[in-house]
Amino acid sequence: MAHPLRTGRRRQHLRGTAGAVALLTATALLAGCGSSDDTKTEASPSPSTTSGSPSPDPTQEAKDQVLAVYQGMWKETAKIYNTGSFKGTELTKYAGDKALAKVRVAAIYYQDNNLVVKGEPKLSPKVTALSLGTDPKTATIVDCVDSTNFVPENKNTGKKSELDGDNRRHTQTSKAQWTGKAWLIIDSTIDKDSTC
């Protein structure tokens, strides 16, 4: 049956609804009186199945979106560092402002030094702060980034770069902001002095 607001036939809809209610009532009465199996198989969906579903939690939904954007930023960053090029990447879909600038600066450094970063870091991000009542909405993500298998190497020889210290697990704090259409990571800082 067509929706009355879409077709503009509200009067016909009301007549059709009344007829459907009468038919369902008659079917229920017949079923109660022990009628044939045909009436038992003509069950209509219960309206409570669609209206009784719980609405999504806006806080959890926002956290999930922020984490997806953070993961997307890292995925695109790894592509850039792996290839030494921004071509074919979508970093600007996930990162902006200082976060985007920092990736660009690092990519230029790697290019200038004939380096690429193969592999991917291991991430374990958590949203530690979320402000949905502010304009713009903001979030903070804290992660323990494990770069054990994400080390710069010479593009031609494959020789790994010498890095200071043995620890490859550092805390990264990122800030996300709602743009009005989507979340965007606007700043991201790795604390090289921290271990996690």
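Modeller: A disulfide here is a pair of cysteine sulfur atoms within 2.5 Å. Keep in mind that this is a predicted model.

Biologist: How many disulfides does the structure hold?

Modeller: One.

Biologist: What makes C144 and C196 a disulfide?

Modeller: Their sulfur atoms are 2.0 Å apart. The cut-off is 2.5 Å, so the pair qualifies.

Biologist: Why is the disulfide of C144 and C196 called right-handed?

Modeller: The torsion about its S-S bond is about 90 degrees, and therefore the disulfide is right-handed.

Biologist: Which parts of the chain does the pair tie together?

Modeller: C144 lies in strand β3, residues 138–146. C196 is in the segment after β6, and β6 spans 183–191. The two cysteines are 52 residues apart in sequence, so the bond ties together separate parts of the chain.

Biologist: Is C144 buried or exposed?

Modeller: Buried, because its relative accessibility is 13% and the cut-off for buried is under 20%.

Biologist: Why is C196 called partly exposed?

Modeller: Its relative accessible area is 36%. Partly exposed lies between the buried limit of 20% and the exposed limit of 50%, so C196 fits that class.

Biologist: S194 is also in the segment after β6. What makes S194 count as buried?

Modeller: S194 has 13% relative accessibility. Buried means under 20%, so the label holds.

Biologist: What does the side chain of S194 reach?

Modeller: The backbone oxygen of D191, at 2.9 Å. A polar contact needs N or O atoms within 3.5 Å, so the distance fits. S194 also touches N167, R169, H170 and T171, leaving aside residues up to four places away in sequence.

Biologist: How many salt bridges are there?

Modeller: The count comes to four.

Biologist: How do you know that D187 and K102 form one?

Modeller: Their closest N and O atoms are 2.8 Å apart. The limit is 4 Å, so this is a salt bridge. D187 is in strand β6 and K102 in helix α6, residues 97–112. The pair links distant parts of the chain, 85 residues apart. K102 counts as partly exposed, because its relative accessibility is 37%.

Biologist: What makes R169 and D146 a salt bridge?

Modeller: Their side chains meet at 3.5 Å, N to O. That too is within 4 Å, so the pair passes. R169 is in strand β5, residues 169–178, and D146 is in strand β3. They are 23 residues apart.

Biologist: Why is D146 called buried, and R169 partly exposed?

Modeller: D146 has a relative accessible area of 12% and R169 has 34%. Under 20% is buried, and from there up to 50% is partly exposed, so each label follows.

Biologist: What about E153 and K160?

Modeller: Their closest N and O atoms are 3.1 Å apart. The cut-off is 4 Å, so they form a salt bridge. E153 is buried at 13%, while K160 is partly exposed at 46%.

Biologist: Why can such side chains pair at all?

Modeller: Opposite charges can pair when the charged atoms come close.

Biologist: Which elements have the lowest and the highest mean pLDDT?

Modeller: Helix α2, residues 10–32, has the lowest, 35. Strand β2, residues 126–131, has the highest, 98. The chain averages 79, and 71% of the residues score at least 70.

Biologist: Where does pLDDT stay under 50?

Modeller: Over residues 1–50. For that stretch the model has 12 contacts beyond four places in sequence.

Note on methods
Residues are numbered from 1 along each chain as its sequence is written. This is a predicted model: local features need pLDDT of at least 70, side-chain atom pairs count only at pLDDT 80 or more; totals for chains, interfaces and linings use all residues. Side-chain values use heavy atoms; hydrogens and water are left out. Helices (H or I, at least four residues) and strands (E, at least two) are DSSP runs, numbered from the N terminus. Buried means under 20% relative accessible area, exposed over 50%, partly exposed in between (1.4 Å probe, protein chains only). A polar contact is a pair of N or O atoms within 3.5 Å; within protein, one must be able to donate a hydrogen and the other to accept it, and residues adjacent in sequence count only if both atoms are side-chain atoms. Contact means heavy atoms within 4.5 Å. pLDDT is the predictor's confidence in each residue, from 0 to 100.
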